[in-house]
Amino acid sequence: MRTMGLDVGEKTIGIAVSDLMGWTAQGVETIRRTRLEADLQRLQELMQQWEVDSVVCGLPRNMNGTYGPKADEVRKFGSLIEKRLKIPVHFWDERLTTVAAHKTLLEGDMSRAKRKKVVDKLAAVLILQNYIDANSCKK
């Protein structure tokens, strides 16, 4: 089974999944958010397609470690996933993942238009890979 990583934003949700061994994260897609039901339906389809058994949501934190209103929104979204899709959700500090994703894409000399399409998916990869790396020593 695999773990799915999510970078949950107001307009998009970046999605990544682990490999079957749980060692690496790969980007899957970016969902353009429309309505909650449609977002959850697409997540459920991807969870079934990729045989996902748990989810990691990037949890936004301020640089001083405190949580703001965006963190509350992500927690609520994670709770909806747990309740409606019957899958465990974990939260992981996502500080600077979007910045790192932008930097990586800039170093790859990607155009602004192309970066905009993939930055959230890459942020989800970074969130999931950080979670995998931190938890690999616990296995």
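**Close-up 1. Pairing of strand 1 with strand 2 in the predicted model.** Gly 5 sits across from Ala 16 of strand 2. The two strands, 1 and 2, run antiparallel and share five bridges. Three residues make up the hairpin connection from strand 1 to strand 2.

**Close-up 2. Pairing of strand 2 with strand 3.** These strands are antiparallel and are joined by seven bridges. Thr 12 has Arg 32 of strand 3 as its bridge partner. Six residues lie between strand 2 and strand 3 in their hairpin. Gly 22, in the turn, has a positive phi of about 75°.

**Close-up 3. The two covered faces of strand 2.** Seven of the seven residues of strand 2 are buried. One side carries Thr 12, Gly 14, Ala 16 and Ser 18. The other carries Ile 13, Ile 15 and Val 17. In a regular strand, side chains alternate between the two sheet faces.

**Close-up 4. The buried face of helix 1.** Asp 39, Leu 40, Leu 43, Leu 46 and Met 47 are the buried residues of helix 1. Viewed down the helix axis, they fall within an arc of 125°, so they line one face. An α-helix has 3.6 residues a turn, so residues three or four places apart point the same way. The buried residues of helix 1 pack against strands 1, 2, 3 and 4 and against helix 2 (69–85).

**Close-up 5. The outer face and end of helix 1.** Gln 48 and Gln 49 are exposed on the face turned away from the buried side. Helix 1 covers residues 36–50, and its end C-alpha atoms are 21 Å apart, in agreement with the 21 Å expected for 15 residues at 1.5 Å each. Glu 51 follows helix 1 and has a positive phi, near 55°.

Methods
Residues are numbered from 1 along each chain as its sequence is written. This is a predicted model: local features need pLDDT of at least 70, side-chain atom pairs count only at pLDDT 80 or more; totals for chains, interfaces and linings use all residues. Side-chain values use heavy atoms; hydrogens and water are left out. Helices (H or I, at least four residues) and strands (E, at least two) are DSSP runs, numbered from the N terminus. The expected span of a helix is 1.5 Å times one less than its number of residues. Buried means under 20% relative accessible area, exposed over 50%, partly exposed in between (1.4 Å probe, protein chains only). The arc is that of the directions from the helix axis to the C-beta atoms. Contact means heavy atoms within 4.5 Å. Two strands pair if DSSP finds at least two bridges between them.
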